[in-house]
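Please walk through this structure, taking the loops, strands, helices and interior in turn.

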Amino acid sequence: TEQAIRSKMGRAETIADAMCLLAEHSLDYPDEMYNISSYIVESTLQVTSAGVAFIENYYPEKGRWFLAYAGYPWDSDTLVTKQLGGETHDYLTMEWFQRGLESEKGIWTNPYFDDGGGCGKMVTYARAIKDSSGRRVGVVGVDFTLDSLAAIVQSVRPYPHSYSTLV
């Protein structure tokens, strides 16, 4: 069970790291970030959502916030893409964005409740995007709901009516 969770999270890290490089090469094309977010979600099993978020006013024509988001709403199996950043979803102040921007390598957040895109309890893998001069300009984020991780643990049942936990 531990290996299944590590494998799932490892695949998400690998894809997010690769998409971070693609985002760095696509900085002149902000709308391409929606395709990158969509690709992360579609190519990583059970990822709830993904986003490519930028520092304040990085793309002046996009406004103060630009978070190219892709995810599956809780009540649908249709992938949705949208600009998620704004006054009601100020990702600039969120742990995943701040720690992801500061870290040399990718980071996993502590569990938190997301009321913006994923609408549930989740963890996020975040990795900084750098421009050609090495300045950190954004973050690629990949989200898992805690329910999807718990489902892996709960699939282990040594006998009927048993309950499993992973510490």
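**From a loop into the sheet**

Leucine 79 is located in the loop that runs between β2 and β3. The model is a predicted one, and every value below is computed from it. With a relative accessible area of 22%, leucine 79 counts as partly exposed; the cut-off for buried is under 20%. Outside the neighbours within four places in sequence, leucine 79 is in contact with Ser38, Val41, Glu42, Ala70, Gly71 and Tyr72. For one of these residues a backbone distance is available: the C-alpha atoms of leucine 79 and valine 41 are separated by 8.5 Å, with their positions 38 residues apart along the chain.

Two of the contacts of leucine 79, Ala70 and Gly71, also belong to the residues of β2 that are buried. Strand β2 covers residues 67-71. How many of the residues of β2 are buried? Five of its five residues are, so the strand is mostly covered. Leu67, Tyr69 and Gly71 point one way from β2, and Ala68 and Ala70 point the other way. Residues pointing either way are buried.

Strand β2 has pairing partners in β1 and β3. β1 and β2 run antiparallel and are joined by five bridges. Within this pairing, valine 52 has alanine 68 of β2 as its bridge partner. Strand β3, residues 80-83, pairs with β2 over four bridges, again in the antiparallel sense. Here tyrosine 69 stands opposite lysine 82 of β3.

**The interior cavity**

Searching the whole structure for cavities of 30 Å³ or more gives one. The volume of the largest cavity is about 120 Å³. Its lining consists of 14 residues, and those nearest its centre are Leu67, Tyr69, Leu84, Trp96 and Asp143. Leu67 and Tyr69 are among the residues that point one way from β2. Which elements give two or more residues to the lining of the largest cavity? They are β1, β2, β5 and β7. The most comes from β1, which gives three residues.

**Helix α3 and its cover**

Trp96, one of the residues nearest the centre of the largest cavity, is also a buried residue of helix α3, which spans residues 95-102. The other buried residues of this helix are Phe97, Gly100 and Leu101. Why do the buried residues lie on the same side of α3? They cover an arc of only 115° around the axis, and this puts them there. What covers them includes a series of strands: β1 (49-54), β2 (67-71), β4 (107-108), β5 (112-114), β6 (120-130) and β7 (136-145).

**Aromatic pairs**

The count of aromatic pairs comes to 11. In one of them, the ring centres of tyrosine 34 and phenylalanine 66 are 5.9 Å apart and the ring planes are at 85°, so the pair is edge-to-face; the cut-off for that class is over 60 degrees. Tyrosine 34 is in helix α2 (residues 32-43) and phenylalanine 66 is in the loop between β1 and β2, so the pair ties together parts that are 32 residues apart in sequence. Both residues fall under the 20% cut-off for buried: tyrosine 34 has 18% relative accessibility, and phenylalanine 66 has a relative accessible area of 2%. Tyr34 and Phe66 also belong to one aromatic cluster, together with Phe54, Tyr58 and Tyr59.

The loop between β1 and β2 also holds asparagine 57. Although asparagine 57 is not a glycine, its phi is positive, at about 60°. Its relative accessible area is 42%, so asparagine 57 is partly exposed.

**The C-terminal helix and the segment after it**

Helix α4 consists of residues 146-154, and its buried residues are Ser148, Leu149, Ile152 and Val153. They cover an arc of only 150° around the axis, which puts them on the same side of α4. These buried residues pack against α1 (2-25), β6 and β7. Strands β6 and β7 are also included in what covers the buried residues of α3.

Arginine 157 is in the segment after α4. Is arginine 157 buried or partly exposed? With a relative accessible area of 46%, it is partly exposed. The C-alpha atoms of arginine 157 and glutamine 3 are separated by 16 Å, while the two residues are 154 residues apart along the chain.

Technical notes:
Residues are numbered from 1 along each chain as its sequence is written. This is a predicted model: local features need pLDDT of at least 70, side-chain atom pairs count only at pLDDT 80 or more; totals for chains, interfaces and linings use all residues. Side-chain values use heavy atoms; hydrogens and water are left out. Buried means under 20% relative accessible area, exposed over 50%, partly exposed in between (1.4 Å probe, protein chains only). The arc is that of the directions from the helix axis to the C-beta atoms. Contact means heavy atoms within 4.5 Å. Two strands pair if DSSP finds at least two bridges between them. Rings of Phe, Tyr and Trp (its six-membered ring) pair if their centres lie within 6.5 Å; planes under 30 degrees apart count as stacked, over 60 as edge-to-face and the rest as tilted. On a 1 Å grid over the protein atoms alone, a cavity is a set of points where a 1.4 Å probe fits but cannot get out, and a pocket is an open set with protein on both sides within 12 Å along at least five of seven lines; lining residues have an atom within 4 Å of a point. Grid points are joined across faces, edges and corners, and a volume is the space filled by probe spheres set on the points.
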